[in-house]
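Trainee: I'd like to go through this one by asking about pairings, burial and contacts. Let's put it on screen first.

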Amino acid sequence: TVAANHLDDYEEGTWTPVLSDGAGITYTTQTGRYRKIGAFVYCVANIVVSSSSSDGSSVKVGGLPFTTGSGEECCVATLGRYTDFLGAKATSVSNVRFTGDSLMLLEGSNDGIQYADVSSSGTLQIAFSYTL
């Protein structure tokens, strides 16, 4: 194992979450905190969007503090507040997919929730953990 993945390797800090792949996004707030213990990373993000354009790309939270090597997709997430931004899709979020550098919000069919299906403004708060 690599020394940076030992449990005594502890780090915490801040990061700047972004909505990846979206078009015309204007942010009011982008704050994030993380805690890394060994190979486990725990993150929280608060994103407030004042405007965004609708398009067919999937809603992804990017700018993660750490990425993983290929093949690692272990991630657990909990939605916090999603005022207005996810609209009717808020109750549809059933899962997430970790893509190595971002976190894609999925609905029941395991399809990505698209920007065209959500509001152009609002708040998205999410907490998640993943492995390196």
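Trainee: Which residue of strand 8 stands opposite Phe 98?
Mentor: Quick ground rules: this is a predicted model, where local features need pLDDT of at least 70 and side-chain atom pairs count only at pLDDT 80 or more, while totals for chains, interfaces and linings use all residues. Residues are numbered from 1 along each chain as its sequence is written, and side-chain values use heavy atoms, with hydrogens and water left out. Strands here are DSSP runs (E, at least two residues), just as helices are H or I runs of at least four, all numbered from the N terminus. In strand 8, the residue facing Phe 98 is Leu 103.

Trainee: And what does Val 93 stand opposite in strand 8?
Mentor: Val 93 belongs to the stretch 93–98, which is strand 7. Strand 7 and strand 8 (residues 102–107) pair in the antiparallel sense over five bridges; two strands pair if DSSP finds at least two bridges between them. Across from Val 93 sits Glu 107.

Trainee: Which turn residue of the strand 7 and strand 8 hairpin has a positive phi?
Mentor: Three residues lie between the two strands of that hairpin. One of the turn residues has a phi of about 100°, and that's Gly 100.

Trainee: On the strand 5 side, what is the bridge partner of Lys 60 in strand 8?
Mentor: Strand 5 (60–62) pairs with strand 8 in the antiparallel sense too, over three bridges. Lys 60 is bridged there to Met 104.

Trainee: So which strands sit at the edges of this sheet?
Mentor: In general, strands of a sheet pair through backbone hydrogen bonds, either parallel or antiparallel. Here we have an open sheet of four strands in the order 2-5-8-7, with antiparallel pairing. The ones that pair on one side only are strand 2 and strand 7.

Trainee: How far are neighbouring strands of this sheet turned against each other on average?
Mentor: The angles come from lines fitted to C-alpha atoms (for helices, over the stretch in contact), and run from 0 to 180 degrees between N-to-C directions. For this sheet, though, direction is ignored, and the average is 35°.

Trainee: How many residues of strand 8 are buried?
Mentor: Buried means under 20% relative accessible area, exposed over 50%, partly exposed in between (1.4 Å probe, protein chains only). Ser 102, Met 104 and Leu 106 point one way, Leu 103, Leu 105 and Glu 107 the other, and all are buried. That makes strand 8 mostly covered, with the buried count being six of six.

Trainee: Which element gives the largest share of the largest nonpolar core?
Mentor: A nonpolar core is a set of buried Ala, Val, Leu, Ile, Met, Phe, Trp, Tyr and Cys residues joined through side-chain atoms within 4.5 Å. The largest one has 27 residues, and those with the most contacts inside it include Trp 15, Phe 85 and Phe 128. Strand 3, strand 4, strand 7, strand 8 and strand 9 (122–131) each give two or more residues. The largest share, five residues, comes from strand 4.

Trainee: Is Ser 20 buried or exposed?
Mentor: Ser 20 is in strand 2, and its side chain reaches the backbone nitrogen of Gly 62 at 3.4 Å. Because its relative accessibility is 17%, Ser 20 counts as buried.

Trainee: What is the distance of the polar contact between the side chains of Ser 57 and Asp 55?
Mentor: A polar contact is a pair of N or O atoms within 3.5 Å; within protein, one must be able to donate a hydrogen and the other to accept it, and residues adjacent in sequence count only if both atoms are side-chain atoms. Ser 57 sits in the loop between strand 4 (40–53) and strand 5, and its side chain also reaches the backbone oxygen of Asp 21 at 2.8 Å. With Asp 55, the distance is 2.7 Å.

Trainee: Last one: what separation do the C-alpha atoms of Gly 22 and Tyr 115 have?
Mentor: Gly 22 is in the loop between strand 2 (18–20) and strand 3 (23–37), and counts as partly exposed because its relative accessibility is 26%. Leaving aside neighbours within four places in sequence, Gly 22 is in contact (heavy atoms within 4.5 Å) with Asp 55, Ser 57 and Tyr 115. Gly 22 and Tyr 115 are 93 residues apart along the chain, yet their C-alpha separation is 6.8 Å.
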